[in-house]
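Q: Please take a close look at one residue in this model. Then work outward from there through the structure around it.

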Amino acid sequence: MNRKSILISIIFILIITISCKKNQTVDKPKKETAINFKTDSITPFYEVVSEKGTKITLWTKKDYYTSNDKDFIIASKEISLNNQKATVKTDTLLYNEYTFTEVFNESFTQQKIDNGEFLLFSLKETFKGRAVIDRDINFYLLNINTLDFLTLTYTGKSSLRCNTCIDGDFQENKKLNQHPALKDALYKYASKSKHIYIASKEEKDISYYKNYIQKWYKDNNVNNDFGAGHASIPDIVYSTYYKENIFEFTGDYGSDFIENSRFKIVNYFRGNLLGYDKVKKIYFPVLVESCNYDCGKEIHFLEGNIISIQYEWTDDVSYQINLDNIQFLND
């Protein structure tokens, strides 16, 4: 390359560099100012201070158990401003109506993720009344310098598979997909929670005896978990034999059972009808359902192996299941 070509190249590079510098913008730190944050009707329940000295406080209403039908959690950010402590930002982490909110105090923990400082915690939301049986466990990932936060929700209900937690699934949150590292951290944190059901390896098999409810629903294409109401008896009942004692797994049934020479049928309060075949010495679900009210029932044998079912509040209607006609999928 001759001198002229080299000189032209250098001039071109300089022009490009100068042009880029003119168009380059530098992000200036966002100026923070004190805000008027009234705390007369709310009370703090958790606070944490970051390495930078930022104080994050979580607040809820003072008259938690007696106030109106609104639940909320507010986060506030406090910094040193003009040599004084000042609240510079607030955000609402939760606002719901007609629910009870239980914050799990043992769940609070701090983590560093991608050079950021985060507070993680979880809480349960339960609808007031008995009509809605679903429960939500919300997992929070809160940046303790900016108040930016992400949530992951697990929705489920009470279950025999987990007496002290709820049984369900994580709900998709597309916002999490925009932050892969934070999403991964939040899922790892949530998967260790004692408040949600995480299936063991053997429990992932639908044929495992602890899954007899889920399998019966799947085989009969129904879901008989109600706030109020009772099951519609399928024309053909499909069931599964279990060598394991599903009476014992399901719980105490007291004296609420009937039997004849062939079968023993246990009636769980507002719950399942389970059977034991005395000849085959094996257990099986007859009818699976659960509700808060209106599915209490009385049962008795008619002729042969036919069961009569009489629900509460339905004195003029009864239902029948012929045990001899149940279709067993693993017979």
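A: Start with the contacts of Ile-282. Leaving aside residues up to four places away in sequence, Ile-282 touches Tyr-241, Tyr-242, Lys-243, Gly-275, Tyr-276 and Asp-277. This is a predicted model. Tyr-242 is 40 residues away from Ile-282 along the chain, yet their C-alpha atoms are separated by 5.9 Å. Ile-282 has 19% relative accessibility, so it counts as buried. The cut-off is under 20%.

Ile-282 belongs to strand β16. That strand spans 282-287, and it is one of the elements that the buried residues of α3 pack against. The others are β11, β12 (238-239), α4 (246-250), β15 (273-277) and β17. Which residues of α3 are buried? They are Tyr-212, Ile-213, Lys-215, Trp-216, Tyr-217 and Asn-220. In general, an α-helix has 3.6 residues a turn, so residues three or four places apart point the same way. Just after α3 comes Asn-221, with a positive phi of about 55°.

From α3, move to the largest pocket. Its volume is about 910 Å³. Five elements give two or more residues to its lining: β9 (149-159), β10 (162-170), α3 (212-220), β11 (225-228) and β17 (290-293). α3 thus appears here as well as in the packing around β16. The lining has 37 residues in total, and those nearest the pocket centre are Lys-157, Ser-158, Ser-159, Leu-160 and Asp-225. By class, 14 lining residues are nonpolar, 14 are polar and nine are charged.

β10 supplies the largest share of that lining, seven residues. How is β10 held to β9? The two strands run antiparallel and are joined by five bridges. They form a hairpin, with two residues between them. Within this pairing, Tyr-154 stands opposite Phe-170 of β10.

Now to an open sheet elsewhere in the chain. Four strands make it up, in the order β1-β2-β3-β4, with antiparallel pairing. β1 (42-49) and β4 (84-97) are the edge strands; each has a single partner, so one side of each lacks a neighbour in the sheet. On average, neighbouring strands here are turned by 20° against each other, direction ignored.

Take the pairs in turn. β1 and β2 run antiparallel and share seven bridges. Val-48 stands opposite Ile-56 in β2. The hairpin of β1 and β2 has five residues between the strands, and Gly-53 takes a positive phi near 90° there. β2 and β3 are linked by five bridges, again in the antiparallel sense. One of the partnerships is Lys-55 with Glu-78 in β3. β3 (residues 70-81) and β4 pair over 12 bridges, also antiparallel. There, Asp-71 has Asn-96 of β4 as its bridge partner.

Is β2 enclosed or open to the outside? Six of the seven residues of β2 (residues 55-61) are buried, so the strand is largely enclosed by the rest of the structure.

To return to the starting point: Ile-282 is a buried residue of strand β16, and β16 is among the elements packed against the buried residues of α3. α3, in turn, contributes to the lining of the largest pocket.

Technical notes:
Residues are numbered from 1 along each chain as its sequence is written. This is a predicted model: local features need pLDDT of at least 70, side-chain atom pairs count only at pLDDT 80 or more; totals for chains, interfaces and linings use all residues. Side-chain values use heavy atoms; hydrogens and water are left out. On a 1 Å grid over the protein atoms alone, a cavity is a set of points where a 1.4 Å probe fits but cannot get out, and a pocket is an open set with protein on both sides within 12 Å along at least five of seven lines; lining residues have an atom within 4 Å of a point. Grid points are joined across faces, edges and corners, and a volume is the space filled by probe spheres set on the points. Ala, Val, Leu, Ile, Met, Phe, Trp, Tyr, Cys and Pro count as nonpolar, Asp, Glu, Lys and Arg as charged, and the others, Gly among them, as polar. Two strands pair if DSSP finds at least two bridges between them. Axes are lines fitted to C-alpha atoms, for helices over the stretch in contact, and angles run from 0 to 180 degrees between N-to-C directions. Buried means under 20% relative accessible area, exposed over 50%, partly exposed in between (1.4 Å probe, protein chains only). Contact means heavy atoms within 4.5 Å.
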